[in-house]
Amino acid sequence: MRFLLIPAVVFLSVLMSSRKQGNANKDKMQLYVIPGCPFCEKVKRFCNENNIEYQLHDVTNPLIKEEMIEARHNDKTTVPFAVVDGKPMDESDAIIAYLKTRKG
Ligand SMILES: N[C@@H](CCC(=O)N[C@@H](CS)C(=O)NCC(=O)O)C(=O)O
């Protein structure tokens, strides 16, 4: 019986920790960028200076670009594009303005 119990406990704790990780990533701001884009850099700099976590996605990868187009529900392809608190947002100044409102 003990032989079954230990692997079961290990399996469950790994499962729980991977779920926590999944939720953390979902809550994190998702930031779609292209390398060298000054507007993207502005948003990244603001986040870095204010300890706001984000997950970067490079839309020079066609699959990532497709994912961004699906997420934003409009015809725009400009970056930066972000999903913050579940909300799709574009325009660097608008993204920063929104982040300022949730800093508390
Ligand atoms: N006003 C926008 C400008 C964004 C912008 O022009 N981004 C360029 C890259 S630096 C872009 O996405 N160009 C590709 C395109 O227009 O599809 C902002 O502040 O976010």
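**Fold and ligand surroundings of the predicted model**

The chain comprises four helices and four strands, as seen in a model that is predicted. When these elements are followed along the sequence, their order is α-β-α-β-α-β-β-α. The chain has 104 residues, of which 14% count as buried. Among the contacts in the chain with a separation of 6 or more, 59% are accounted for by residues 24 or more positions apart.

Strand β1, which spans residues 29-33, takes part in two strand pairings. With strand β2, formed by residues 54-58, β1 pairs in the parallel sense over five bridges, and within this pairing L31 stands opposite L56 in β2. The path from β1 to β2 leads through helix α2, made up of residues 38-49, and the resulting β-α-β crossover is right-handed. With strand β3, covering residues 81-84, β1 runs antiparallel, the two strands being joined by three bridges; here Q30 of β1 is placed opposite V83 in β3.

Around the ligand, the model places I34, C37, P38 and F39, together with T77, T78, V79 and P80, and further along the chain E91, S92 and D93. The elements that contribute two or more residues to this shell are helix α2 and helix α4, the latter consisting of residues 92-101. Classified by residue type, the shell around the ligand contains six nonpolar, three polar and two charged residues. Helix α2 thus appears in two settings, lying on the path of the crossover between β1 and β2 and giving residues to the shell around the ligand.

Terms used:
Residues numbered from 1 in each chain as written. Predicted model: local features only at pLDDT ≥ 70, side-chain atom pairs only at ≥ 80, totals over all residues. Buried ≥ 20, exposed ≤ 12 C-beta atoms within 10 Å, placed from the backbone. Contact = placed C-beta atoms within 7 Å. Pairing = 2+ DSSP bridges. Right-handed = clockwise from strand over helix to strand, strands pointing away. Near = placed C-beta within 6 Å. Nonpolar A, V, L, I, M, F, W, Y, C, P; charged D, E, K, R; others polar.
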